[in-house]
Amino acid sequence: MPGVSVRGLSQEKRRQLAVNLTRVLALYRSILDAYIIEFFTDSLWGTLPSSWQEALDGLKPPQLATLLLGMPREGEEIRYRSVWPLTLLALKSTACALAFTRTPGFQTPSEFLENPSQSSRLAAPFRKHVKPKKQHEIRRLGELVKKLSDLTGCTQVVDVGSGQGHLSRFMSLGLGLMVKSLEGNQRLVERAQRLDQELLQALDKMEKRHPNIRATRVTTSRSGPPAATGSGCPLGPAGPRESCGGLLQLGPPAGPTSGDADSARPAALSPGARLLC
């Protein structure tokens, strides 16, 4: 399946593609938003049009995948055991026409030319336990958030659904932002806290080996004093006001600031400081 590639499309064509995708997603939202378990708990099969049920009933998963996802190559035919309703055929044709290509149409990012597993633009402590794709994502997203924060004068960043805290740690310790992380999965919170401890140990070793390479001051384009960074570890289900217990604390605790409910928590770095990356 060749699929759609946005490369080479004009701004107007990209906008039209987005409109078409939104229309299709809205039309079939009840199917797309459903979890697999709901097929059994909410009887999703019964919500399908009766003509769809007649066409799909009795098909084995491989057959279903071939008929729904397969597109015939030149000279090839896909045989249906019965006549499918036009609405189902229309959905299949529309999905195939709007699907993005799975063929890479881009060059390897320059940060992975030297080592495909390690981003050269991300410091070693932030690469640990992070796959290359995620390394690229947290660097790009973190730098974007930093740029927007500087432009808008934003002093705090909230990472909702922070998972293992990779992005939060990079924004806090790598870019000097005050970050508050929220995560409802207790296992991910505990994992993030362990990674926080590992990062602390790695930073301690780096400072001992290279005393002259420590967290350095960086200037900020915002008016007024730069904000102290917050802890990079996610807050658990107990609530957004619960402290992380001082994880990622590299300097003395920062004094409380007005209007910040979490201001009593220790700072991850001294104000305006960041790890070289």
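## The largest pocket

In this predicted model, the largest pocket encloses about 1300 Å³ of space. Its lining comprises 40 residues, of which I31, L32, L68, L69 and L91 lie closest to the centre of the pocket.

Six helices each contribute at least two residues to this lining: α1 (11–27), α2 (29–32), α3 (38–41), α4 (50–56), α5 (61–69) and α6 (86–98). The largest share comes from α6, which provides seven residues. By residue class, the lining of the largest pocket consists of 32 nonpolar, four polar and four charged residues.

## Nonpolar cores

The largest nonpolar core contains 16 residues, and within this core F126, M171 and L177 touch the most other members. Helices α8 (132–152), α9 (166–174) and α10 (186–209) each supply at least two of the core residues. The greatest contribution is that of α9, with four residues.

A second core, separate from the largest one, has ten residues, including A55, L67, W84 and L88.

## Helix α9 and M171

Helix α9 is mostly covered, with nine of its nine residues buried. The buried residues of α9 are H166, L167, S168, R169, F170, M171, S172, L173 and G174. Beyond α9 comes G176, which has a positive phi, near 75°.

M171 thus appears both among the buried residues of α9 and among the members of the largest nonpolar core that touch the most others. When residues up to four places away in sequence are not counted, the contacts of M171 are G142, V145, V157, G176, L177 and V179. Two of these names recur from the description above: G176, the residue with positive phi that follows α9, and L177, another of the core members that touch the most others.

## Cysteines

The number of disulfides in the model is zero. What is the burial state of C96 at 13% relative accessibility? C96 counts as buried, because its relative accessibility of 13% falls under the 20% cut-off.

C154 has a relative accessibility of 28% and therefore counts as partly exposed, since that class covers values between the 20% limit for buried residues and the 50% limit for exposed ones.

Notes:
Residues numbered from 1 in each chain as written. Predicted model: local features only at pLDDT ≥ 70, side-chain atom pairs only at ≥ 80, totals over all residues. Heavy atoms only, no water. 1 Å grid on protein atoms, 1.4 Å probe; cavity = no way out; pocket = protein on both sides within 12 Å on 5 of 7 lines; lining within 4 Å. Points joined across faces, edges and corners; volume = space filled by probe spheres on them. Nonpolar A, V, L, I, M, F, W, Y, C, P; charged D, E, K, R; others polar. Disulfide = S-S within 2.5 Å. Buried < 20%, exposed > 50% of the residue type's maximum accessible area, 1.4 Å probe, protein only. Core = buried A, V, L, I, M, F, W, Y, C linked by side-chain atoms within 4.5 Å. Contact = heavy atoms within 4.5 Å.
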